[in-house]
Protein chains: 2
Amino acid sequence: MTVRIKDIAREANVSPTTVSNVIHGNTKKVSPATLERIEAILHKRQYIPSMGARMLAGNSSHLIGVLIGSKRRQERGIDRDPFTSILLETLETEIFRQGYYMLFHISDRPEENWALAATWNIEGLITIGLSPEENEGIREKCGIPLVTVDVYYDIPGMANIGLKDEEGGYLMAQFLFDQGHTDFLFLADNDTGVDHMRWEGIVTFLKEQGSSEGALRERHLLIPSDIDGRQAYYQKKLPLFLEKQALFFASDYYAAEAVQYLRQNNIRIPEQISIAGFDDNVYASMCSPPLTTIRQNVPQKAAAAVRKLAALIRGETGIQLEERFPVELIIRDSVALRR
Amino acid sequence: MTVRIKDIAREANVSPTTVSNVIHGNTKKVSPATLERIEAILHKRQYIPSMGARMLAGNSSHLIGVLIGSKRRQERGIDRDPFTSILLETLETEIFRQGYYMLFHISDRPEENWALAATWNIEGLITIGLSPEENEGIREKCGIPLVTVDVYYDIPGMANIGLKDEEGGYLMAQFLFDQGHTDFLFLADNDTGVDHMRWEGIVTFLKEQGSSEGALRERHLLIPSDIDGRQAYYQKKLPLFLEKQALFFASDYYAAEAVQYLRQNNIRIPEQISIAGFDDNVYASMCSPPLTTIRQNVPQKAAAAVRKLAALIRGETGIQLEERFPVELIIRDSVALRR
DNA sequence: ATGAAAGCGCTAACAA
DNA sequence: TTGTTAGCGCTTTCAT
């Protein structure tokens, strides 16, 4: 078996309590001599705590749960999204740095999520890709700090890390306008959450330009969330695209996919149709031509989510619940100056 | 507080032991009447076990650790690889299905990894992106079942899930040959592990065609593992590339990146240079032109890794330690028939 | 078929 | 400054 506090105590001729105090840095209660002695033995014997016992006794698990919803992502065919990859890695790195461990679960079943939290005595939760309702349900059931990512909602008291999506929409609308694309279309597979806010940014800009409500609505295209549906949709809309000459997609993934489709149909990008994306992920840089897009810093969001959660767990007061990071316009080659 | 076994026992007028037996399906020791009664109460009260107590008492944590190394991936700039994303998601799904929970950690420090395993009483480990030595160290220290992914090594008794990399190399070599590209080059950023085996497959084919050792060596190009280095390298090698007319990259990522680079230099793909990749991930399909590549089924590998680990944990005998899944040649548009 | 009791390793309240 | 003690919730002999 591994070495326990009891073993260390015996070897140091002290009580388990003292050893425990040393381990937890309650150093004011321990004389320098014993402190040093115990630390030496701890190190020599390579003491490793048993989280099982810690959880039982102290009621603190040092576990942070990362919950991600899968349904919508799979539907959209973006389950290979590099977003998740980089997000998870940054989350774990930061969680560990903060002294916690990461329990990871994918599910669309709320019961599963809160059962997990209870089973493991989880101290805080980070959720990605869950709806506001699901988040609210989990928070009520679990009663532990919860930080969401990329959610917009009205529920008071819920912490969220996000992006200035609206500003992103605004920036790109402005840029497209400056390039002469006053007629650009916006394409997204839904009109809620971040995609809605990106659209709102566009609306703000266009209204400043004197656009009417009716004209606005015609610019907003809801594309199917399955790949075959999208192909068919693009086929149907091709004449419209060629007329408007500029498409602003709510994500790089959709933008890159569209570029692919259009090129296969011998449309020249950006000469015939300009394309813009959102995210600035690997799809944007790998695309031919590379995408003009709105950059978001995913690691920054992930690290912020963990830090906010840790602060919440520590019970710090005066924490700003909502945090939205800035975005940046990245100009590459997929948008042409309209002649 | 949440409901405990003791509470259920009291309500059912039985002892905690009996409740525990019911929970674990030790049903032969329980009369049908009490069984039913207890199950009803369990359900009604929404009993959720405390893993802390379980770990302490029963010494079984139901935890599977997923360890990934980060160093090499970051160096190569493939830390946004969709591979990790899809792999992690499939791993978690399968781990949960098998009745385990997933503890996730990223690290290049072996001590950290085995401390994690000991701290959490982890029952089995899946590692990705660690060297054979690191894996061996972890296995020795932890003494628990370990399944690696995509590792080649000589250490007996280590379980691994991989791919028929050699066959992949062979298949693509054969295809390129058939298309008239008898002079194709192979490009990878190392000559160990999977990349080495892919090269070995090429070697096997070329030897069948009567190629000499010397000629073989000249086909194998080691590219820098940082992006700037690669750019400079491609610049330097451009004349060679144009002469050979066909490049087979060890991964879709590098292939797609090269396509990008070459097109920016006004090289037509595949007319002037044919490009082949390996993996068939999103880079291959998003590339313009879409890549001819070797397909691997990542979810299949992930699920197999978990199942093998679960079998090892259960102590099943006669388990095949090494499992390598087949690959498939996917023909798209990035390889032209050589005139 | 059911129960009593010991103990897993640790923490924290309380004593000394 | 240090030690004693009583659990935390569960499993597991061993009785009954």
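In chain A, A:N135 has its place in helix α8 (residues 132-142); helices here are DSSP runs of H or I of at least four residues, strands are runs of E of at least two, and both are numbered from the N terminus. The model is a predicted one, so local features need pLDDT of at least 70 and side-chain atom pairs count only at pLDDT 80 or more, while totals for chains, interfaces and linings use all residues. Residues are numbered from 1 along each chain as its sequence is written, chains are lettered from A and ligands numbered from 1 in the order in which they are written, and side-chain values use heavy atoms, with hydrogens and water left out.

Back to A:N135: its relative accessibility is 0%, so it counts as buried (under 20% relative accessible area, with over 50% exposed and anything in between partly exposed; 1.4 Å probe, protein chains only). Its side chain reaches the backbone oxygen of A:L130 at 3.3 Å. Setting aside neighbours within four places in sequence, A:N135 is in contact (heavy atoms within 4.5 Å) with A:T127, A:L130, A:L146, A:T148, A:V151 and A:M158.

Helix α7 (residues 110-119) of chain A also has its buried residues, namely A:E112, A:N113, A:W114, A:L116, A:A117 and A:T119. Right behind α7(A) comes A:N121, with a positive phi near 60°. Over in chain B, helix α7 (residues 110-119) buries B:E112, B:N113, B:W114, B:L116, B:A117 and B:T119, and B:N121 just after α7(B) takes a positive phi of about 60°. One of those buried residues, B:W114, has company: the charged end of B:K141 sits over its ring, 4.4 Å from the centre. For this, NZ of Lys or CZ of Arg must be within 6 Å of the ring centre and within 35 degrees of the ring normal. In chain A, the charged end of A:R198 sits over the ring of A:F278, 3.7 Å from its centre.

How do the two chains relate? Chain B superposes on chain A by a rotation of 180° with 0.0 Å of shift along the axis, at an RMSD of 0.1 Å. That is the relation of a two-fold axis. Both copies use the same surface, as 100% of the contact residues of chain B recur in chain A. The superposition is by least squares on the C-alpha atoms of residues with pLDDT of at least 70 in both copies.

Aromatic pairs number 25 over all chains; rings of Phe, Tyr and Trp (its six-membered ring) pair if their centres lie within 6.5 Å, and planes under 30 degrees apart count as stacked, over 60 as edge-to-face and the rest as tilted. A:F186 and A:F248 make an edge-to-face pair, 5.3 Å centre to centre with 70° between the planes. A:F186 lies in strand β6 (residues 185-188) and A:F248 in strand β8 (residues 246-249) of chain A, so this pair ties together parts that are 62 residues apart in sequence. Both A:F186 and A:F248 are buried. Ring pairs also link A:F96, A:Y101, A:W120, B:F96, B:Y101 and B:W120 into a cluster.

Finally, B:N190 lies in the loop between β6 (185-188) and α10 (193-208) of chain B. With a relative accessible area of 15%, B:N190 is buried. Its side chain makes a polar contact of 2.7 Å with that of B:D189 and one of 3.0 Å with that of B:D195. A polar contact is a pair of N or O atoms within 3.5 Å; within protein, one must be able to donate a hydrogen and the other to accept it, and residues adjacent in sequence count only if both atoms are side-chain atoms.
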